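Colleague: Before I use this model in my own calculations, I would like to go through its geometry with you, one point at a time. Could you show it first?

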Amino acid sequence: MIIVTGASGKLGGAAVRALLETVPAERVGVLARSAEKVADLAAAGVRVHVGDYEDPASLKAAFTGADGLLFVSGSDVTPGVRERQHGNVVRAAAEAGVGHVVYTSAIGADRPGAPAFLADHTVTEELLRDSGLPVTPLRNTFYSDMFVNPDVVAAALESGGTVAADGGRALNTATIADLARAAAVVVARGPQEHAGRAYELRGPLWTYDELAATIAAESGRPVSHRRVPLDRAPAPAFIGEFVSSGMFAEPSEDLATLLGRPATGMPELVRAALA
């Protein structure tokens, strides 16, 4: 049995759907706070466990008998909350004797001095290492879907350009769909192939100049990029700080390797946003 947490969220839900392409539904279970939100998965034959990261008993009940656990990180970044919740998950997995834990960590989690909300992932990786369980962290980059989507492209077409405090640096974002599929591959193949490894999951490098040029090429309309200083960065401002620092400028082929194909790139993202 493979259990996926956070199954009603975008990443967890996409991972379950990807998993069902290769794993029989009767071998898949999900943890969700509401059965109603995963009714479609239950209808497909997936076992549904109702519980959450604040309820250790529900976690242990869901994880008991699991060969694999896809542990999707919590979304509440209030200081102290995610660290507490993730501690509950790790302890429950250890008590249940889970065969392999695949954790959706984050870019930079292996580096000291990470921003607070990324440091939660550093702490969780340490908890998992200390648990004695077979573990595979997936250090996910930020979602391409945040940066390139129908609203962003429509705004660029309306104004004639993109605006970002990017410092001219490249980004290595990846789509939710690609990250979810990679997670499904790792948890399905199990600890024999992946335990003890960490994957840096990043998509192809792109720049805002390339984004503007691609929107122009695909739409047939003039679009350019305007680079602004950090104090004029569009909201959320911390994105500009990360990008201009070069945090997203480091490439990795781990995502493409797990997918068995190139990760989704800028042309595909723009075409989808224009469709």
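Modeller: What follows is a set of questions and answers on the fold, the aromatic rings, one helix and a few single residues of this predicted model.

Colleague: Let us begin with the chain as a whole: how many helices and strands are there, and what is the radius of gyration?

Modeller: The chain contains 13 helices and 9 strands. For 275 residues the globule rule gives 19 Å, and the chain comes close to that value, so it is as compact as a globular protein of that length. Along the principal axes, the C-alpha trace spans about 55 × 40 × 35 Å. The radius of gyration itself is 19 Å.

Colleague: What percentage of the contacts between residues at least 6 apart in sequence join residues at least 24 apart?

Modeller: As background to the packing, 52% of the 275 residues count as buried. Among the contacts between residues at least 6 apart in sequence, the share that joins residues at least 24 apart is 77%.

Colleague: Turning to the surface and the charges, how far apart are the mean positions of the positive and negative charges?

Modeller: The chain exposes about 12,200 Å², and carbon and sulfur atoms supply 52% of that area. As for the charges, there are 24 positive and 32 negative ones in the chain, and their mean positions are separated by 1 Å.

Colleague: Which class of pair do the rings of Phe71 and Tyr103 form?

Modeller: A search of the whole structure finds 8 aromatic pairs. In the pair of Phe71 and Tyr103 the ring centres are 4.8 Å apart and the planes stand at 45 degrees, an angle that is neither under 30 degrees nor over 60. The pair links distant parts of the chain, with Phe71 in strand β4 (residues 68-71) and Tyr103 in strand β5 (residues 101-106), 32 residues apart. Both Phe71 and Tyr103 are buried, and by its angle the pair is tilted.

Colleague: Which residues do ring pairs link into a cluster?

Modeller: A pair of aromatic rings is described by the distance of the centres and the angle of the planes. In this chain, ring pairs join four phenylalanines into a cluster, namely Phe142, Phe238, Phe242 and Phe248.

Colleague: Is helix α1 largely enclosed or open, and which of its residues are buried?

Modeller: Helix α1 runs over residues 10-19, and 8 of its 10 residues are buried, so the helix is largely enclosed by the rest of the structure. The buried residues are Leu11, Gly12, Gly13, Ala14, Ala15, Val16, Ala18 and Leu19.

Colleague: Is Arg33 buried or exposed, and which residues does it touch beyond four places away in sequence?

Modeller: Arg33 is found in the loop between β2 (28-32) and α2 (39-43), and its relative accessible area of 69% makes it exposed. Its C-alpha atom is separated by 5.3 Å from that of Val50, which is 17 residues away along the chain. Leaving out residues up to four places away in sequence, Arg33 touches Val50, Gly51 and Asp52.

Colleague: Which residues does Ala249 touch?

Modeller: Ala249 has its place in the loop between α11 (237-245) and α12, and at 22% relative accessibility it counts as partly exposed. The C-alpha atoms of Ala249 and Thr173 are separated by 9.4 Å, although these residues are 76 apart along the chain. Not counting residues up to four places away in sequence, Ala249 touches Arg169, Ala170, Asn172 and Leu205.

Colleague: And which residues does Asp254 touch?

Modeller: Asp254 is found in helix α12 (residues 254-259), where it counts as partly exposed at 24% relative accessibility. Asn88 lies 166 residues from Asp254 in sequence, with 29 Å between the two C-alpha atoms. With residues up to four places away in sequence set aside, Asp254 touches Ala198, Tyr199, Glu200 and Leu201.

Colleague: Finally, what distance separates the C-alpha atoms of Ser159 and Gly6?

Modeller: Ser159 belongs to helix α7 (residues 150-159) and is exposed, with a relative accessible area of 57%. Ser159 and Gly6 are 153 residues apart along the chain, and their C-alpha atoms are separated by 37 Å.

Terms used
Residues numbered from 1 in each chain as written. Predicted model: local features only at pLDDT ≥ 70, side-chain atom pairs only at ≥ 80, totals over all residues. Heavy atoms only, no water. Phe/Tyr/Trp six-rings, centres within 6.5 Å; stacked < 30°, edge-to-face > 60°. Helix = DSSP H or I, 4+ residues; strand = E, 2+ residues; numbered from the N terminus. Buried < 20%, exposed > 50% of the residue type's maximum accessible area, 1.4 Å probe, protein only. Rg over C-alpha atoms; globule rule 2.2 N^0.38 Å. Contact = heavy atoms within 4.5 Å. Areas by Shrake-Rupley, 256 points an atom, 1.4 Å probe, with all protein chains shown as cover. Lys, Arg positive; Asp, Glu negative; His and termini not counted. Charge placed at Lys NZ, Arg CZ, Asp CG, Glu CD.
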